[in-house]
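Trainee: I'd like to go through this one with you, piece by piece. Can I throw some questions at you?

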Amino acid sequence: MARDVQITFDCADPAGLATFWAEALGYRVQDPPEGFESWEQALEAMGVPPESRNDASAVVDPEGSGPRLFFQRVPERKQAKNRVHLDVRAAPGLERDARMAALEAEAERLVSHGATRLRRYEPAPPLGAGHIVMADPEGNEFCLD
């Protein structure tokens, strides 16, 4: 039996990172619980103190098919290269120059939202289609593929 997957990010600013990944993936911040117009209103009603209201955030695929991304505040900073990373499929069906142009355009867009461009790998047929390695605003590596 297949299982649903949630991807969890340890981070310093859950709301900020959730906003970045929602933009990167076309996701949206998860709605507050039923009966509340905002997360602020829900957290207030739950008695969560103001200093703890950015301890967690989540984004979801508006179509319901992709995994939920959960962001949780941790005290320590990222210290090493990710052992697991996301590949963001930014050029589906494109090849060579058209593919790399689409990846470059997406890299520029994400840099404007706080990402950092790390390096570009050129296409190397027959197996290497080319990709761009990026980092999110907290330094988590991901690839535009």
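Trainee: Which residue ranges does the domain assignment give for domain 1 and domain 2?

Mentor: Keep in mind that this is a predicted model. The domain assignment splits the protein chain in two, with domain 1 at 6-73 and domain 2 at 86-144.

Trainee: How much area do domain 1 and domain 2 bury between them?

Mentor: Start with the centres, which lie 25 Å apart over C-alpha atoms. Contacts link 12 residues of domain 1 with 12 residues of domain 2. Carbon and sulfur atoms carry 70% of the buried area, and the total is about 1,000 Å².

Trainee: And in domain 1, which residues lose the most area to domain 2?

Mentor: Three of them together make up 52% of what that side buries. They are Phe20, Trp21 and Glu23.

Trainee: Which side chains meet in a salt bridge?

Mentor: Between domain 1 and domain 2 the count is one salt bridge, while four residue pairs are in polar contact across the interface. With N to O at 2.5 Å, the salt bridge joins glutamate 23 and arginine 109.

Trainee: Where does the largest share of the side of domain 1 that touches domain 2 come from?

Mentor: Both β1 (6-11) and α1 supply at least two residues of that side. α1 covers residues 14-25 and reaches 16 Å from its first C-alpha to its last. Its buried residues include Phe20 and Trp21. The largest share, six residues, comes from α1.

Trainee: What phi does glycine 26 take just after α1?

Mentor: α1 has 12 residues, and glycine 26 comes just after it. The phi there is positive, about 75°.

How values were computed:
Residues numbered from 1 in each chain as written. Predicted model: local features only at pLDDT ≥ 70, side-chain atom pairs only at ≥ 80, totals over all residues. Heavy atoms only, no water. Helix = DSSP H or I, 4+ residues; strand = E, 2+ residues; numbered from the N terminus. Expected span 1.5 Å × (residues − 1). Buried < 20%, exposed > 50% of the residue type's maximum accessible area, 1.4 Å probe, protein only. Domains from an automatic or database assignment. Contact = heavy atoms within 4.5 Å. Buried area = accessible area lost by both parts, 1.4 Å probe. Salt bridge = Lys/Arg side-chain N within 4 Å of Asp/Glu carboxyl O. Polar contact = N/O pair within 3.5 Å; in protein donor to acceptor, adjacent residues only side chain to side chain.
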